[in-house]
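Colleague: I would like a close look at a single part of this model, with enough of its surroundings to place that part in the fold.

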Amino acid sequence: MPASHSPAGSPAAPGASDEVLIRLAEELAQATRTRVPAPLLSRRFPALTLADAYRIQQISTGWRLRAGARIAGHKVGLTSAAMQEQMGIHEPDSGVVLDHMVAASGSTLRTSDFMNPRIETEIAFRLGRGLAGPADLDAVRAAVAEVFLAFEILDTCFTGWDITLIDSIADNAACAGVITGSPVPFAPAWDLAAEQIATTADGTLSGAGQGRDILGDPLQALVWLTHRLSRLGTPLRAGDIVLAGSVHASIPLTPGTHFHATSTCLPAIDLRVLPADLGSERSC
């Protein structure tokens, strides 16, 4: 069980001790288990740093790995102007994708398996070779083996989506699930910035964008990730999937909805959210 909360407004010093960060990771884990939202870390501990938030994320990931999960890859978030404006956050963040979080296009899920679920459409990659340190665009382009559309299921264990970058990072950059489309071999000359993507909910357009909405080129998200992970001592491995970020603002994940996304050159992707009165095995 997590330790009791510190009084509201008690700041953690910059570079908070692992004891403090472990306690905060326990609180977030408990909120996820009990579905009782946690208070925002950024309000209670205004001196928490980005390094502290990523350390909380690492602690939580470590517990899941020891419980049997495997790392399937990583997500980069907040890479488009639409998402940064929606969240009031103005730089990217990253989270970890675990194997049990991944399902294929055509899957179903229940909103009751989440707390505050939303969905977004992304361009994603599968690496053919590892990237152990900071890489430039040419190195990243050479490392990508496949590209595909993906839905990312966002969730937060906090009271709502009025969160800061610190809160997002500590909560695994809000990554709760990934629906993967059919992969296409990646050709280094492919101009992914020109990809036109549209997402519908029950046939009605709910989001649209293009590849260049992701840092000018989706591959730039992967470049950013190599620099971020190098500071965390985490290499990218051959076989890892990487989500580059949404091309549109996130959409509420509502019961009974069929989400469908298309792209200029990538295979379409589908997800059905079960009606509220139906049960199903969780798929992501």
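What percentage of the contacts in the chain with a separation of 6 or more comes from residues 24 or more positions apart? With that as background, please take me through strand S14 (residues 269–273).

Modeller: This is a predicted model, in which local features need pLDDT of at least 70 and side-chain atom pairs count only at pLDDT 80 or more, while totals for chains, interfaces and linings use all residues. Residues are numbered from 1 along each chain as its sequence is written, and side-chain values use heavy atoms, with hydrogens and water left out.

Residues 24 or more positions apart account for 76% of the contacts in the chain with a separation of 6 or more, a contact being heavy atoms within 4.5 Å. The chain has seven helices and 14 strands, taken as DSSP runs numbered from the N terminus (helices H or I, at least four residues; strands E, at least two). Of its 284 residues, 52% are buried, where buried means under 20% relative accessible area, exposed over 50% and partly exposed in between, with a 1.4 Å probe and protein chains only.

Strand S14 has two faces: Ile269, Leu271 and Val273 lie on the covered one, whereas Asp270 and Arg272 lie on the uncovered one. On one pairing, strand S13 (residues 258–263) runs antiparallel to S14 over four bridges, and two strands count as paired if DSSP finds at least two bridges between them. Here Phe259 stands opposite Leu271, and S13 and S14 make up a hairpin with five residues between them. The other pairing is parallel, with two bridges joining S14 to strand S4 (residues 108–109); there, Leu109 is the residue opposite Val273. Leu271 and Val273, both from the covered face, thus have Phe259 and Leu109 as their respective partners across the strands.

These pairings belong to an open sheet of five strands, in the order S4-S14-S13-S9-S10 and with mixed pairing. Its edge strands are S4 and S10 (204–210), each of which pairs on one side only. As general background, strands of a sheet pair through backbone hydrogen bonds, in either the parallel or the antiparallel sense.

For the wider setting, the largest nonpolar core has 43 residues, of which Phe125 and Leu222 touch the most other members; such a core is a set of buried Ala, Val, Leu, Ile, Met, Phe, Trp, Tyr and Cys residues joined through side-chain atoms within 4.5 Å. Helix H7 (residues 218–232) gives the most to this core, with six residues.
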